[in-house]
Amino acid sequence: MKHYIIVKFTEGTDVKALVEPVREIFKETLEIPGIHALDLCVSNSDIANRYDLMIIIDMDKEALPAYAESEPHLRWKRVYGDRIAKKAIFDCD
């Protein structure tokens, strides 16, 4: 399945500066059994109502609980949670 995390950061956040540190955190999730691939997409729009970053994780559906409890996922929430104005989580086959 595909697990999408779509993020709108708080105003004034330098999104481009966060891309590589965020990528490094999520690369660690590739060590979790059942997680196969990772992609990060940065918005090419500066329109105010657009989201800034999309994280796409290709995983087996059964890997979702292990991912949710993983250290990288918890670190992502701990380190960047206060910089997130909005986020959407979407899973699909």
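# A sheet, its helices and its salt bridges

Biologist: Let's start with a charged pair. Which residue forms a salt bridge with Glu28?
Modeller: This is a predicted model, and here the closest N and O atoms of the pair are 2.5 Å apart. Glu28 sits in the loop between α1 and β2, while its partner belongs to helix α3, so the bridge ties together parts that are 47 residues apart in sequence. The partner of Glu28 is Arg75.

Biologist: Is Arg75 buried or exposed?
Modeller: The cut-off for buried is a relative accessible area under 20%. Arg75 has a relative accessible area of 18%, whereas Glu28, at 31%, is partly exposed. Arg75 therefore counts as buried.

Biologist: Which residues do salt bridges that share partners join into one network?
Modeller: One link is the salt bridge of Glu28 with Arg75. Another joins Glu71 to Arg78, with the closest N and O atoms 3.9 Å apart; Glu71 is partly exposed at 41% relative accessibility, and Arg78 is exposed at 56%. Through shared partners, the network is made of Glu28, Glu71, Arg75 and Arg78.

Biologist: Now a pair inside one helix. Where do Lys27 and Glu24 both lie?
Modeller: These two residues form a salt bridge whose closest N and O atoms are 3.5 Å apart. Lys27 is partly exposed at 41% relative accessibility, and Glu24 is partly exposed at 40%. The two are three residues apart, about one turn of the helix, and both lie in helix α1.

Biologist: How many salt bridges does the count come to?
Modeller: Side chains of opposite charge can pair when their charged atoms come close. We have met several examples, among them Lys27 with Glu24 and Glu28 with Arg75. The count of salt bridges comes to six.

Biologist: On to the sheet. In what order do the four strands form it?
Modeller: Start from the outside: β2 (35-42) and β4 (84-92) are the edge strands, and each pairs on one side only. The sheet is open, its pairing is antiparallel, and the twist averages 15° from one strand to the next. Read across the sheet, the order is β2-β3-β1-β4.

Biologist: How many bridges join β2 to β3?
Modeller: Let's look at β3 (residues 53-59) from both sides. With β1 (residues 2-9), β3 pairs in the antiparallel sense over six bridges; Lys2 stands opposite Asp58, and Ile5 has Ile55 as its bridge partner. With β2, β3 also runs antiparallel, and there Ile35 has Met59 as its bridge partner. The number of bridges that join β2 to β3 is seven.

Biologist: How many of the seven residues of β3 are buried?
Modeller: Helix α1 (residues 15-27) lies across β1, β2 and β3, and helix α3 (residues 71-80) lies across β1, β3 and β4. Strand β3 is mostly covered. Of its seven residues, the number buried is five.

Biologist: Why are α1 and α3 roughly parallel or antiparallel to each other?
Modeller: The axes of α1 and α3 are 9 Å apart and meet at an angle of about 150°. An angle over 145 degrees counts as roughly antiparallel. The two helices are therefore roughly antiparallel.

Biologist: By class, how many nonpolar residues does the contact of α1 with α3 have?
Modeller: From α1 come Leu18, Pro21, Val22, Ile25 and Phe26, and they meet Pro72, Arg75, Trp76 and Tyr80 of α3. By class, this contact has no polar residues and one charged residue, and the number of nonpolar ones is eight.

Biologist: One last residue, Tyr67. What is its relative accessible area?
Modeller: Tyr67 lies in helix α2 (residues 64-68). Leaving aside neighbours within four places in sequence, Tyr67 is in contact with several residues, including His3, Ile5, Phe26, Ile35, Met59 and His73. Tyr67 is buried, and its relative accessible area is 1%.

Technical notes: Residues numbered from 1 in each chain as written. Predicted model: local features only at pLDDT ≥ 70, side-chain atom pairs only at ≥ 80, totals over all residues. Heavy atoms only, no water. Pairing = 2+ DSSP bridges. Axes fitted to C-alpha atoms, helices over the stretch in contact; angles between N-to-C directions. Contact = heavy atoms within 4.5 Å. Parallel < 35°, antiparallel > 145°, perpendicular 65-115°, else oblique. Nonpolar A, V, L, I, M, F, W, Y, C, P; charged D, E, K, R; others polar. Salt bridge = Lys/Arg side-chain N within 4 Å of Asp/Glu carboxyl O. Buried < 20%, exposed > 50% of the residue type's maximum accessible area, 1.4 Å probe, protein only.
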